[in-house]
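Student: Got a minute to go over the pockets in this one with me? Pull it up and I'll fire away.

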Amino acid sequence: MAQLVVALDVPNPDRAEQLVDALYDLDLVYKVGMEPLYGYGERIFSYLEARDVRHFIDAKVHDIPRTAAAAIKQLVRHGTHIVNVHALGGSAMMRAAADAARERAQELGMTPPHVFAVTVLTSMSAGDLSDVGLHGDALENAMRLARLARDSGCSGVVCSAHEAAGIKAAIGSDFLTLTPGIRPGGSAHGDQQRVMTPSQAVRAGSDYLVVGRPITEAADPVAAARAILDEMQKVTA
Ligand code: C5P
């Protein structure tokens, strides 16, 4: 059953907490990305931990293996469900992060988080890929990086829903996919390039659908989230 993840991309901690409160009954996963992490990380983690809701730390760690592992060890203490690194950091870095997550969780007596690897950002177009020297299209790059992530001990990848079915087919359905760039029909794409609707993403095999602005900027975030959950459930019913 696919899960809905709400990106708490808001500048103000009071607003983030209001959103978590308003959405509480929907049993969602909350994504703490760079904006809340750098702006008010300790406060939002305390809040999420006190409310006992699942969260995903979208830290997108990308550094030398020792530093990446040390960063992951700091994040694991928040009892997170998922944490991530950039696959472009390479195999040794992903392996160090995955090992660090498991070892630190064991030391703390916690369930180890999933370590996911970001393949290709969903905001990147074909032109952007070529500008940074990545040959081939987004799918080829995402598939190659997903195999590397699997071989390096990650439990899944962050990718576009356009790539989820191919990755599942090539690597196996147990390898998890978390897909940002989800846009309900009629909502603005913003800076996202490779988007899908919630029902298309569920059909493509996405395990976690990440939605930010279509919920956080909606006049009624609860109604927006409910509509997305309804659309997801219709596919699996
Ligand atoms: O507002 P929107 O639905 O576009 O938010 C998507 C979220 O997912 C943002 O927090 C963004 O940082 C994150 N993300 C992404 N593409 C990736 C990885 C993470 O859009 N490949």
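Tutor: Here come the pockets and the ligand, in whatever order you ask.

Student: Ground rules before we start?
Tutor: It's a predicted model, where local features need pLDDT of at least 70, side-chain atom pairs count only at pLDDT 80 or more, and totals for chains, interfaces and linings use all residues. Residues are numbered from 1 along each chain as its sequence is written, and side-chain values use heavy atoms, with hydrogens and water left out.

Student: OK, how much space lies in the largest pocket?
Tutor: About 550 Å³. On a 1 Å grid over the protein atoms alone, a pocket is an open set of points where a 1.4 Å probe fits, with protein on both sides within 12 Å along at least five of seven lines. The volume is the space filled by probe spheres set on the points, which are joined across faces, edges and corners.

Student: Which residues lie nearest its centre?
Tutor: D9, K31, D58, K60 and Q192, out of 29 that line the largest pocket. Lining means having an atom within 4 Å of a grid point.

Student: And which element gives the most to that lining?
Tutor: β3, with three residues. Helices (H or I, at least four residues) and strands (E, at least two) are DSSP runs, numbered from the N terminus.

Student: What takes up the space there?
Tutor: The ligand sits in the largest pocket, meaning more than half of its atoms lie within 2 Å of the pocket's grid points.

Student: Which residues are closest to the ligand?
Tutor: D9, K31, T122, R183 and R213, among 17 that surround the ligand, each with a heavy atom within 4 Å of it.

Student: What about polar contacts, so N or O pairs within 3.5 Å?
Tutor: A polar side-chain atom of D9 is 2.6 Å from a ligand oxygen, and for K31 the distance to a ligand oxygen is 2.7 Å. Q192 has a side-chain N or O atom 2.8 Å from an oxygen of the ligand. Taken alone, the ligand exposes 470 Å², and the protein buries 87% of that (Shrake-Rupley areas, 1.4 Å probe).

Student: Switching topic: which residues line the second largest pocket?
Tutor: L37, Y38, G41, E42, F45, A59, V61, A71, L75 and H78, around about 150 Å³ of space. α2 gives the most to that lining, with five residues.

Terms used:
Polar contact = N/O pair within 3.5 Å; in protein donor to acceptor, adjacent residues only side chain to side chain.
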